[in-house]
Structures are given as C-alpha cells and as structure tokens.
Amino acid sequence: MSEQTIALVTGANKGIGYEIAAGLGGLGWRVGVGARSEERREAAVAKLRAAGVDAFGVPLDVTDDASVTAAAGLIEDRAGRLDVLVNNAGVTGGMPQTPTTVNPETVRVTVETNVIGVIRVTNAMLPLLRRSAAPRIVNMSSSVGSLTRQSTPGAETGPISAAYSPSKTFLNAVTVQYAKEFRELGDTGILINAACPGYCATDLNGFRGVRTPEQGAAIAVRLATLPDDGPTGGFFEDAGEVPW
Ligand code: NAP
C-alpha cells in the first residue's frame with residue numbers, strides 16, 4: 001500500500017474544489033479529482049498534472065448511488081485506502097429563492113447535492129477512510145449556514161434563500177452528528193469538520209465573490225491536515241470558529 005497521502009475532492013474540476021486539489025497536491029499528496037463531466041474532469045487533471053500534482057480523475061456525481069459506489073471502487077483499486085475526503089461539490093439551486101415564492105424542486109435539488117450527496121459520498125468512502133492512520137473529512141459549508149449570523153441584524157449573510165443557506169445549516173448539523181457517532185463508535189481517529197471558504201469569485205456566484213478560490217481553499221487544506229489532537233465536529237473559517 002502506498003505511503004503517499006491519498007485525498008478525494010468532490011467537485012474538483014473548477015472553483016474552490018480545484019484549488020483544494022491543487023493545495024493538497026502541492027503537499028505531495030495523491031489527489032482524486034471528483035467530477036461528473038468527463039471533459040471538465042480530464043481538463044482539470046491535465047492542468048493539475050502540468051503543475052506537478054499527482055492527480056487522477058474520479059468520475060463522480062454525488063447525487064447518484066451507482067456513480068458514488070463506482071468512485072469508491074476506483075479509489076480502492078488505485079490506492080487501497082483514503083486518507084482525506086473533502087466534500088466540496090455544491091450548488092445554490094439558483095437564485096432568487098425567497099421562501100414565499102420558492103419552487104419546492106429548488107429546495108429538493110439543493111439538499112440532494114449539498115446534504116444527501118455528502119452523506120452518500122462519506123458513507124461510501126468510510127470503509128476506505130477507516131484504513132487510514134489519520135482520516136480527515138472536510139465538509140465545505142458556508143457562513144450563510146450559520147443560524148447565529150442569519151439571525152444577527154446587519155451580519156453579512158448573502159441573499160435570502162430557502163434552499164442554499166438552509167442546506168448548509170443542515171450540512172453543519174449532519175457534520176456534528178457524524179462527529180458524535182465517530183466518538184461513540186470509538187472511531188476517534190476520524191476528524192470531521194465543516195469549513196467556510198468566505199465569499200469567493202466562482203461560477204457559483206457569477207464571480208461576484210471578493211476572495212480568490214485559492215484563498216477559499218486554504219481553510220479546507222488546513223482542516224485536511226489537522227494533527228491527531230485536532231478538533232472534530234467544528235465549523236471553521238480562516239479567522240477561527242464560525243458560530244453555529
Ligand atoms: P463552483 O465553481 O460552482 O464549483 C462547484 C463544483 O461542484 C463544480 O465542480 C461542480 O461540477 C460540482 N458539483 C455540483 N453538483 C455536483 C454533483 N451532483 N456531483 C459532483 N459534482 C458536483 O462553486 P464553488 O464556489 O467553487 O463552490 C465550492 C463549494 O464551496 C460549494 O460547496 C459551495 O457551496 C461552497 N461555498 C462557496 C462560496 C463562494 O463564495 N464561492 C462560499 C461559501 C461556500 P460541475 O462543473 O459539473 O457543475
């Protein structure tokens with residue numbers, strides 16, 4: 001079995017996910033580039049390889065059971081284990097999505113990707129993560145999922161949304177539950193945390209964000225490289241803990 005650290009980043013063909021793959025690859029890690037479009041996936045893998053990253057493509061649609069099962073099989077064949085999983089793939093569901101007018105389908109699609117997709121991928125990868133000496137899971141959340149910030153007048157919380165912000169609140173809650181279960185199972189080696197990248201210029205927001213995707217990737221890289229006594233079940237941005 002390879003001694004090189006093995007990571008999988010979902011939604012790694014562009015934006016923050018691509019930069020997380022580049023950041024982890026820069027540490028000398030072997031990085032699986034999870035992406036659903038073959039063309040975009042292979043373009044990202046080629047770009048990462050040109051930059052010296054030991055990258056390989058992982059066909060992956062986080063909303064599809066068969067795709068996720070196949071992705072776990074591919075990583076098993078390629079590496080035999082997984083050290084780090086970054087659940088980065090996400091969608092807004094499209095704006096506007098004010099609660100009083102939202103199409104319920106928008107909520108369903110958003111939760112299917114941002115929450116259920118994370119659970120689907122995490123559970124499929126857990127047998128491989130349990131073979132690692134230091135498994136780490138990072139769930140890419142957002143500070144717009146912070147109920148504390150959403151209910152603080154004047155706080156920067158993005159547009160009113162019935163799907164995207166609540167999906168990240170849901171994801172945060174699920175992250176806490178995983179951490180609780182890992183503790184109860186005695187799986188103390190697995191550290192799972194939620195990350196907020198800040199407002200980054202990507203396709204997700206029509207490139208209106210004020211940070212670069214590379215800046216947004218930094219917190220995920222930090223949580224992916226936590227020491228064994230690092231936190232679990234937490235929610236972090238560059239400046240420290242984000243209030244729930
Ligand atoms: P992005 O550029 O739109 O990238 C999103 C990635 O997710 C793309 O690679 C996309 O693939 C992938 N994806 C979407 N649905 C998928 C599915 N069903 N299966 C597999 N991959 C899927 O957005 P981003 O800004 O980098 O966002 C990355 C993460 O950061 C998201 O979870 C987002 O919510 C979070 N975030 C972003 C910001 C920000 O300001 N940008 C702020 C807070 C949190 P395709 O190319 O195939 O669509």
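This is a chat about the ligand shell and one loop residue in a predicted model.

Me: How many residues surround the ligand, and which are the closest?
Reply: In this predicted model, 29 residues surround the ligand, and the closest are Asn13, Asn88, Tyr164, Cys200 and Thr202.

Me: What sits 2.5 Å from an oxygen atom of the ligand?
Reply: That is an N or O atom in the side chain of Tyr164, while an N or O atom in the side chain of Asn13 lies 2.6 Å from a ligand oxygen, and a polar backbone atom of Cys200 is 2.7 Å from an oxygen atom of the ligand.

Me: And how much of the ligand's area does the protein bury?
Reply: The ligand taken alone exposes 900 Å², of which the protein buries 95%.

Me: Which helices each supply at least two residues of the shell?
Reply: Helix H1 (15-25) and helix H6 (164-185) each do so, and the shell as a whole divides into 11 nonpolar, 12 polar and 6 charged residues.

Me: Switching topic, where does Arg211 lie?
Reply: Arg211 is in the loop that runs between strand E6 (191-195) and helix H7 (213-224).

Me: Why does Arg211 count as partly exposed?
Reply: Because its relative accessible area is 23%, and partly exposed covers the range between under 20%, which is buried, and over 50%, which is exposed.

Me: What is Arg211 in contact with, leaving aside neighbours within four places in sequence?
Reply: Its contacts are Pro197, Gly198, Tyr199, Cys200, Ala201, Gly216 and Asp238; Cys200 is also among the residues closest to the ligand.

Me: What separates the C-alpha atoms of Arg211 and Gly145?
Reply: They are separated by 18 Å, with the two residues 66 residues apart along the chain.

Note on methods. Residues numbered from 1 in each chain as written. Predicted model: local features only at pLDDT ≥ 70, side-chain atom pairs only at ≥ 80, totals over all residues. Heavy atoms only, no water. Near = heavy atom within 4 Å. Polar contact = N/O pair within 3.5 Å; in protein donor to acceptor, adjacent residues only side chain to side chain. Areas by Shrake-Rupley, 256 points an atom, 1.4 Å probe, with all protein chains shown as cover. Helix = DSSP H or I, 4+ residues; strand = E, 2+ residues; numbered from the N terminus. Nonpolar A, V, L, I, M, F, W, Y, C, P; charged D, E, K, R; others polar. Buried < 20%, exposed > 50% of the residue type's maximum accessible area, 1.4 Å probe, protein only. Contact = heavy atoms within 4.5 Å.
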